[in-house]
Amino acid sequence: MKAARAKTPRRPALKKASPPGPKDPVGVYCRVRPLSCPDQECCIEVINESTVQIHPPDGYRIFRNGEYRETQYSFKEVFGTLVAQKELFDVVAKPLVEDLIRGKNGLLFTYGVTGSGKTHTMTGSPGDGGLLPRCLAMIFNSIGPFQAKRFVFKLDDKNGVDVQCEVDALLERQKRDATPVPKTSGKRQVDPEFADMINVQDHCKVEEVDEDNVYSVFVSYIEIYNNYIYDLLEETSFDLIKPKWNNCNTPVRNGDFIPPQSKMLREDQNHNMYVMGCTEVEVKSTEEAFEVFWKGQKKRRIANTQLNRESSRSHGVFMIKLAQAPLDADGDNVLQEREQITLSQLSLVDLAGSERTNRTKAEGNRLREAGNINQSLMTLRTCIEVLRENQKYGTNKMVPYRDSKLTHLFKNYFDGEGKVRMIVCVNPKAEDYEESLQVMRFAEMTQEVEVARPVDRPLCGLTPGRRFRNQAFREELARKLEIRGGPINEETEEQSASEILLQNFPPLPSCELLDINDDQTLPKLIEVLEERHKLRQKLSEEFARNVLTFRTALRELDSNIMSKENYVQGKLSEKEKIITGQKAELEHLEKKIKTLEYKIEILEKTATIYEEDKRHLQQELESKSQKLQRQVSDKRRLEARLQGMVAETTTKWEKECERRVAAKQLEMQNKLWVKDEKLKQLKAIVTESKSEKPERPSRERDREKPIQRSVSPPPVPGDVFKTRGGGQAVQFTEIETLKQESPTGRKRRSSPSNADPPEDAADSEWTDVETRCSVAVEMRAGSTLGPGYQHHAQPKRRKP
């Protein structure tokens with residue numbers, strides 16, 4: 001039989017370990033939308049700042065056989081119908097923006113039923129901006145004076161960022177004249193369509209911003225539609241030749257709009273998920289960033305349904321990336337080391353609303369869109385449930401992130417890459433009761449999931465305040481230049497040696513010849529030149545002497561240096577020998593140390609073994625001591641028990657002996673009494689016979705007479721009562737045996753002829769007497785027993 005081949009074990013996938021440290025629960029907030037009509041029935045009521053109560057509407061109670069049950073749900077904070085967008089931003093989104101500037105990631109998404117106010121919460125309305133424009137305004141208010149020039153930071157296609165030098169950034173700016181968001185000098189012309197949304201007057205900003213860093217903001221906008229990812233900032237084109245196929249599997253006619261291609265999710269070297277090939281635009285102001293968002297918002301898929309006139313049919317994800325790097329030690333240029341660059345991300349997600357087809361009356365594409373929306377939301381709920389179960393019960397179930405593009409994109413946040421916040425938007429109208437109930441249950445369960453707190457980014461290690469010191473230096477330099485009226489030339493301040501030498505020469509006279517007969521200018525010039533020549537010779541001779549002196553001094557210095565070098569070399573050789581000896585000794589000591597460490601390790605192991613043996617022996621000794629103590633205590637208890645049993649048995653047998661002696665005495669007394677009666681009857685017979693024929697008493701009877709002694713009657717065992725004749729009678733309760741003995745205790749010798757008749761014959765002769773004695777015997781109270789009789793009681797036999 002052929003042996004089965006063992007399968008190679010499956011290699012587990014490389015997973016990024018969650019960062020150590022404390023964990024924070026997912027922050028879940030609830031926002032209640034005001035009713036569109038005051039006459040509508042309301043099923044949700046705000047109890048306090050953290051609790052809402054939901055109760056079934058009237059029609060629902062009738063349909064459910066009169067069941068009426070109010071349910072309360074608790075959140076981190078509840079915002080009522082009159083809450084302002086600024087208050088919601090300060091509580092929910094402001095901490096995420098602060099973490100973004102400090103280099104930490106964040107995720108904020110709105111969740112709820114269709115028409116519950118998710119898009120309004122995220123985007124806002126004219127005159128009242130939502131969370132997204134307020135986040136952008138806070139970012140640029142905080143980093144405005146510290147932003148880098150355009151293209152200094154450059155994102156790559158693998159979710160990373162690089163720093164370019166100023167020259168490369170300048171060339172990049174010259175090459176890219178046409179950017180996705182055109183730049184204008186001065187203040188941007190804001191589109192009136194969204195100008196009121198970003199006109200935030202509170203000027204909120206982060207107080208503690210690292211002023212020695214430079215920052216740059218990149219934004220991207222995608223949508224997840226039918227479980228496909230589309231880039232809303234991608235430039236689409238018109239194809240006039242080849243027809244394309246859209247998402248409805250119908251051909252697009254020539255010249256029609258071609259939808260963008262779906263994007264793929266990839267994992268970078270840090271195991272973070274990102275959208276490959278997504279357009280990321282560098283922005284420098286709030287207006288420019290919101291203009292990019294509004295451009296993508298116009299491309300987002302919306303449709304008219306029975307529940308919402310503009311219902312979002314996809315999940316919108318607006319991502320803000322903040323790249324920052326420290327300045328160099330001079331505070332002038334940006335450090336280009338990749339390890340010093342920090343890239344943080346804030347994702348703002350506007351989820352599509354869950355809905356029921358029986359209420360929306362969706363058909364065709366709308367029905368398929370609703371199914372995909374509900375499926376992705378169900379996958380999100382399943383992931384939250386598995387995470388909660390793993391954390392609460394210690395299980396290790398696989399979280400199905402890959403079942404949906406939405407959960408797969410943000411799985412790093414739930415694994416500990418940043419804070420997670422969720423705003424649950426609810427519509428209190430009665431028609432949304434069942435959907436709102438499911439949303440409440442999911443939100444309450446989400447609060448039990450804990451996410452690891454992100455670690456702080458490491459410090460660069462440079463001296464803080466570099467930027468302002470460099471700026472102060474430049475200002476002071478510019479001030480000095482303004483005072484001097486031009487640039488400072490160091491050569492003019494310090495004259496060279498040749499200029500000093502030329503200044504010592506006599507000045508040259510004027511060499512201009514205006515007259516032919518002028519015979520003074522040339523002689524003067526010749527004289528000056530001769531003087532200069534003599535001075536030059538003197539300087540040359542002095543220079544030669546100086547050179548010779550310098551050479552001599554240099555040679556002496558060289559000789560001194562050589563001697564000192566030799567001396568130093570000798571000393572160094574001696575020191576090297578000493579060092580070599582010390583190194584050898586050090587190596588010897590290191591070997592000795594290793595040997596001693598090895599011995600110490602062996603001794604420690606031996607001591608550990610001995611300690612374990614000692615501990616085991618002590619435990620065994622303690623167990624045996626306890627066992628011995630138990631045995632001693634058991635022995636003592638057994639001895640006490642045996643002593644009790646001995647005392648009880650002794651007492652029992654003493655009583656039994658006394659009872660037997662008494663019975664034997666009674667029996668002997670009865671027998672003695674019977675014998676006495678027999679003797680009396682015999683005496684009476686003998687007396688009667690003597691009256692007829694007197695005989696001489698025998699010698700034996702005479703001998704017996706002195707043997708009889710007067711003894712006190714033993715106690716009569718029975719009841720004594722008076723008779724009619726004046727005497728007393730005893731009714732015996734026990735039978736006694738009487739035994740006659742001689743006073744000396746010896747047996748009387750008698751001849752065979754004078755022997756008494758056998759006992760059987762006497763018994764048979766006196767049967768009637770024994771019978772009467774056994775039942776009731778009359779005897780006198782003063783009757784005496786014959787001498788020499790002993791009373792023995794017959795003991796009773798106890799039943800076993």
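Let's start with a hairpin: strand 12 and strand 13 form one, with two residues between them. In that turn sits Asn-226, and its phi is positive, about 55°. Keep in mind that we are looking at a predicted model.

How do the two arms of this hairpin pair? Strand 12 and strand 13, which covers residues 228-231, run antiparallel and are joined by four bridges. For one of the partners, find Glu-223 and look across into strand 13, where you meet Tyr-230.

Now stay with strand 12, residues 213-225, because there is a nice question here: how many of its residues are buried? The answer is 13 of 13. You can follow this on both faces. On one side, the buried residues include Asn-213, Tyr-215 and Val-217, along with Tyr-225. On the other side, Val-214, Phe-218 and Ile-224 are among the buried ones.

Strand 12 has further neighbours. Strand 19, residues 315-326, runs antiparallel to strand 12, and 12 bridges join the two. Strand 16, residues 281-283, is also antiparallel to strand 12, with three bridges between them. Please put your finger on Val-219, since it helps you find your way around. In strand 19, Val-219 stands opposite Ile-320, and in strand 16 the bridge partner of Val-219 is Val-281.

Let's move to another sheet. Here three strands form an open sheet, in the order 3-4-5, with antiparallel pairing. Which strands stand at the edges? They are strand 3, residues 44-48, and strand 5, residues 71-74; each has a single partner strand, so one side of each has no neighbour in the sheet. From one strand to the next, the twist averages 30°.

Inside this sheet, strand 3 and strand 4, residues 51-54, are antiparallel and share four bridges. If you would like a pair to look for, Asn-48 has Thr-51 as its bridge partner in strand 4. And what lies across these strands? That is helix 11, which crosses strand 3, strand 4 and strand 5 and runs at about 40° to strand 5.

Helix 11 brings us to a residue in the loop before it. Asn-427 is found between strand 21, residues 418-426, and helix 11, residues 433-446. Is Asn-427 buried or exposed? Its relative accessibility is 8%, so Asn-427 counts as buried. Around it, leaving out residues up to four places away in sequence, Asn-427 touches Arg-33, Leu-35, Ile-44, Gly-115, Ser-116, Asp-432 and Ser-436. With Gly-115 there is a detail to zoom in on: a polar atom of the Asn-427 side chain lies 3.4 Å from the backbone oxygen of Gly-115.

Last topic: the cysteines. A disulfide is a covalent bond that links the sulfur atoms of two cysteines. How many does this structure hold? Zero. Why does Cys-42 not form one? The closest cysteine sulfur is in Cys-43, and at 6.0 Å it is too far for a bond; the cut-off used is 2.5 Å. Cys-204 tells a similar story, because its closest cysteine sulfur, in Cys-135, is 9.5 Å away, too far for a bond.

What about their surroundings? Cys-42 has 31% relative accessibility, so it counts as partly exposed. Cys-204 has 13%, so it counts as buried.

That's my tour. Thanks for listening!

Key. Residues numbered from 1 in each chain as written. Predicted model: local features only at pLDDT ≥ 70, side-chain atom pairs only at ≥ 80, totals over all residues. Heavy atoms only, no water. Buried < 20%, exposed > 50% of the residue type's maximum accessible area, 1.4 Å probe, protein only. Polar contact = N/O pair within 3.5 Å; in protein donor to acceptor, adjacent residues only side chain to side chain. Contact = heavy atoms within 4.5 Å. Pairing = 2+ DSSP bridges. Axes fitted to C-alpha atoms, helices over the stretch in contact; angles between N-to-C directions.
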